[in-house]
Amino acid sequence: MSYTLEDIFNASALDSKSVEFLNNALKANTLQGFDYLKFKQSVITLQLSMGMSEESAVRSTFATASTLGVTKEKLVESIQHYVQILHKEKIEFDAAHSKQKDIKINHKQSETNFLQEKILSHKAQIAELEKQIKEFQAKIDNADKEIEEARQKIQETKVRFEETYTHYEKVLKDDNDTFNKYL
């Protein structure tokens, strides 16, 4: 029975997307020959199908692999190869994560801050406009009173002028009549 990378890394309880992402990277960079992954599959097979202990399964697999030219150093080198692959994927993931964080969190946070500042600015403008409306309404209320006072004053001036005019006119007419009578 052949075991998957998920079995080799005992990853069934881990995040499926992350497992798929790392497994795809490992599959794309699988070494030729009897490397760590094939060695580990053989160890798991011996443990699960034959009930061997980990030590016995590792020793038995290594004995078989040695006949194919595998050495402990080559096995460790292949482990380092896969560590490098995973490390490279982590660097790429971290860069993508940082970019997503910037787009979906930092950008949104900046936009939210901008909108909050706009709201405060608009509220201040509304308060200023309401203040101006109250001042204008007070001027309008006072203007009605001032207009009425001015109207009364102008009317009183007109009445006083008419009285004076009429008086002067009467004096002139009376003098005219007097002069015509006596002269």
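Which side chains meet in a salt bridge at 3.6 Å, N to O? In this predicted model, the pair is Lys173 and Asp177. Both residues lie in helix α5. They are four residues apart, about one turn of the helix. Lys173 is exposed, with a relative accessible area of 53%. That value is over 50%, so Lys173 falls in the exposed class. Asp177 has a relative accessible area of 38% and is partly exposed.

The structure holds seven salt bridges. Among them is the pair formed by Asp174 and Lys170, whose side chains meet at 2.8 Å, N to O. Asp174 and Lys170 are separated by about one helical turn because they are four residues apart in helix α5. Asp174 is partly exposed, at 32% relative accessible area. Another of the salt bridges joins the side chains of Lys90 and Asp94, at 2.9 Å, N to O. Lys90 and Asp94 also belong to helix α5. Their spacing is four residues, about one turn of the helix. Lys90 has a relative accessibility of 48% and counts as partly exposed. Asp94 is partly exposed too, at 34%. Side chains of opposite charge can pair when their charged atoms come close.

The interior was examined next. The largest nonpolar core contains 17 residues. Leu5, Ile8, Leu26, Tyr36, Leu37, Phe39 and Tyr82 touch the most other members. Five elements each give two or more residues to this core: α1 (5-8), α2, α3 (36-50), α4 (54-66) and α5. Helix α3 gives the most, with six residues. In soluble globular proteins, nonpolar side chains tend to be buried together.

Tyr82 is one of the core residues that touch the most other members. Beyond its neighbours within four places in sequence, Tyr82 is in contact with Leu26, Asn29, Thr30, Leu31, Asp35, Tyr36 and Leu37. Of these partners, Leu26, Tyr36 and Leu37 are likewise named among the core residues with the most member contacts.

Ser78 shares several of these partners. Ser78 lies in helix α5, which spans residues 72-182. With residues up to four places away in sequence set aside, Ser78 touches Leu31, Asp35 and Tyr36. Leu31, Asp35 and Tyr36 are also contacts of Tyr82. A polar atom of the Ser78 side chain lies 2.9 Å from the backbone nitrogen of Tyr36. Ser78 is buried, with a relative accessible area of 4%. The class follows because 4% is under the 20% limit for burial.

Helix α2 offers both buried and partly exposed positions. Asn23 is placed in helix α2. Asn23 is buried, at 12% relative accessible area. Apart from residues up to four places away in sequence, Asn23 touches Leu5 and Glu6. Leu5 is itself one of the core residues that touch the most other members. Phe21 is found in helix α2 as well, which covers residues 16-28. Phe21 has a relative accessibility of 37% and counts as partly exposed. Together with Leu22 and Phe93, Phe21 makes a nonpolar surface patch of about 260 Å². Phe21 can belong to such a patch because its 37% is over the 30% required of patch residues.

Two loop residues complete the description. Asn10 is in the loop between α1 and α2. Asn10 is not a glycine, yet its phi is positive, at about 50°. Asn10 counts as exposed, at 64% relative accessibility. Thr67 is found in the loop between α4 and α5. The Thr67 side chain reaches the backbone oxygen of Thr64 at 2.4 Å. Thr67 is exposed, with a relative accessible area of 66%.

How values were computed
Residues numbered from 1 in each chain as written. Predicted model: local features only at pLDDT ≥ 70, side-chain atom pairs only at ≥ 80, totals over all residues. Heavy atoms only, no water. Patch = residues over 30% accessible without salt bridge, like charges linked within 9 Å, V, L, I, M, F, W, Y side chains within 5 Å. Areas by Shrake-Rupley, 256 points an atom, 1.4 Å probe, with all protein chains shown as cover. Salt bridge = Lys/Arg side-chain N within 4 Å of Asp/Glu carboxyl O. Buried < 20%, exposed > 50% of the residue type's maximum accessible area, 1.4 Å probe, protein only. Polar contact = N/O pair within 3.5 Å; in protein donor to acceptor, adjacent residues only side chain to side chain. Contact = heavy atoms within 4.5 Å. Core = buried A, V, L, I, M, F, W, Y, C linked by side-chain atoms within 4.5 Å.
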